[in-house]
Amino acid sequence: MTVSEVAERRGRPSSETEGPFEAILLASEGRPIPESAIARVIELADRSGAARVHVISIARVHGVSFGFPNPGLLPTKAEWREQRDLVAKAVKRLRKKGFEASGHVVGTRNAAKRIWQEAKQAGCEAIVMA
């Protein structure tokens with residue numbers, strides 16, 4: 001399903017799916033955030049100064065063992081640090097471009113569901129991923 005089809009199902013004209021948006025979520029499933037994703041955020045953002053961008057990255061939790069959380073399946077300190085560095089770099093690049101930006105790292109097994117929850121919680125109108 002395309003973005004336009006989703007927008008039409010929700011009652012928004014498809015022209016509104018191209019912005020400008022006041023709140024955007026820039027998300028990563030643990031991979032580095034490329035400059036092209038930041039460029040897309042800039043394209044979609046409201047340039048009147050009202051736009052805010054929230055950046056999240058997922059630290060993957062790999063599962064459970066015998067129905068209980070297993071410490072060996074959780075992200076290591078190095079993985080958490082790597083994800084925090086990715087988010088910090090993206091926030092810094094967005095702030096240099098003049099946007100109000102914040103971010104954090106989330107640990108989860110279901111990245112798509114958690115990204116959607118974060119977008120709803122932050123009141124974001126668009127999600128950008130690379």
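Okay, so Glu43 and Arg40: their side chains are joined by a polar contact of 2.7 Å. Keep in mind that this is a predicted model. Where does Glu43 sit? In helix H2, which covers residues 35-44. And is Glu43 buried or exposed? Exposed, because its relative accessibility is 54%, and the cut-off for exposed is over 50%. One other thing about Glu43: its C-alpha atom is 8.5 Å from that of Glu18, although the two are 25 residues apart along the chain.

Let's stay with H2 and look at what lies around it. One neighbour is helix H3, residues 77-96. The axes of H2 and H3 come within 11 Å, and they cross at roughly 40°. So we call H2 oblique to H3, and the crossing is right-handed. If you want to click on the residues that make this contact, on H2 they are Glu35, Ile38 and Val41, and on H3 they are Ala90, Arg93 and Leu94.

H2 also lies across strands of the sheet, namely S1 (23-28), S2 and S6. Against S1, H2 runs at about 170°.

Now the sheet itself. It's an open one with 4 strands, in the order S5-S2-S1-S6, and the pairing is parallel. At the edges you'll find S5 (100-108) and S6 (126-129), each of which pairs on one side only. On average, neighbouring strands here are turned by 25° against each other, ignoring direction.

Let me zoom in on S2 and S5. S2 takes in residues 52-60, and 9 bridges join it to S5, with the two running parallel. If you need a landmark, Ser57 stands opposite Val105 in S5. There's a helix on this sheet to point out too: H4, residues 111-122, packs on it and touches S1, S2, S5 and S6. The direction of H4 makes about 155° with that of S2.

Last stop, His54, which is in strand S2. Why does His54 count as buried? Because its relative accessible area is 15%, and buried means under 20%. So what does the side chain of His54 reach? It is joined to the side chain of His104 by a polar contact of 3.0 Å. Leaving out residues up to four places away in sequence, His54 touches Ile24, Leu25 and Leu26, then Ser102, Gly103 and His104, and also Glu118.

So, two residues to look at on your screens: Glu43, exposed on H2, and His54, buried in S2.

How values were computed. Residues are numbered from 1 along each chain as its sequence is written. This is a predicted model: local features need pLDDT of at least 70, side-chain atom pairs count only at pLDDT 80 or more; totals for chains, interfaces and linings use all residues. Side-chain values use heavy atoms; hydrogens and water are left out. Buried means under 20% relative accessible area, exposed over 50%, partly exposed in between (1.4 Å probe, protein chains only). A polar contact is a pair of N or O atoms within 3.5 Å; within protein, one must be able to donate a hydrogen and the other to accept it, and residues adjacent in sequence count only if both atoms are side-chain atoms. Two strands pair if DSSP finds at least two bridges between them. Axes are lines fitted to C-alpha atoms, for helices over the stretch in contact, and angles run from 0 to 180 degrees between N-to-C directions. Contact means heavy atoms within 4.5 Å. Angles under 35 degrees count as roughly parallel, over 145 as roughly antiparallel, 65 to 115 as roughly perpendicular and the rest as oblique. A crossing is left-handed if the near helix is turned anticlockwise from the far one by less than a right angle, and right-handed if clockwise.
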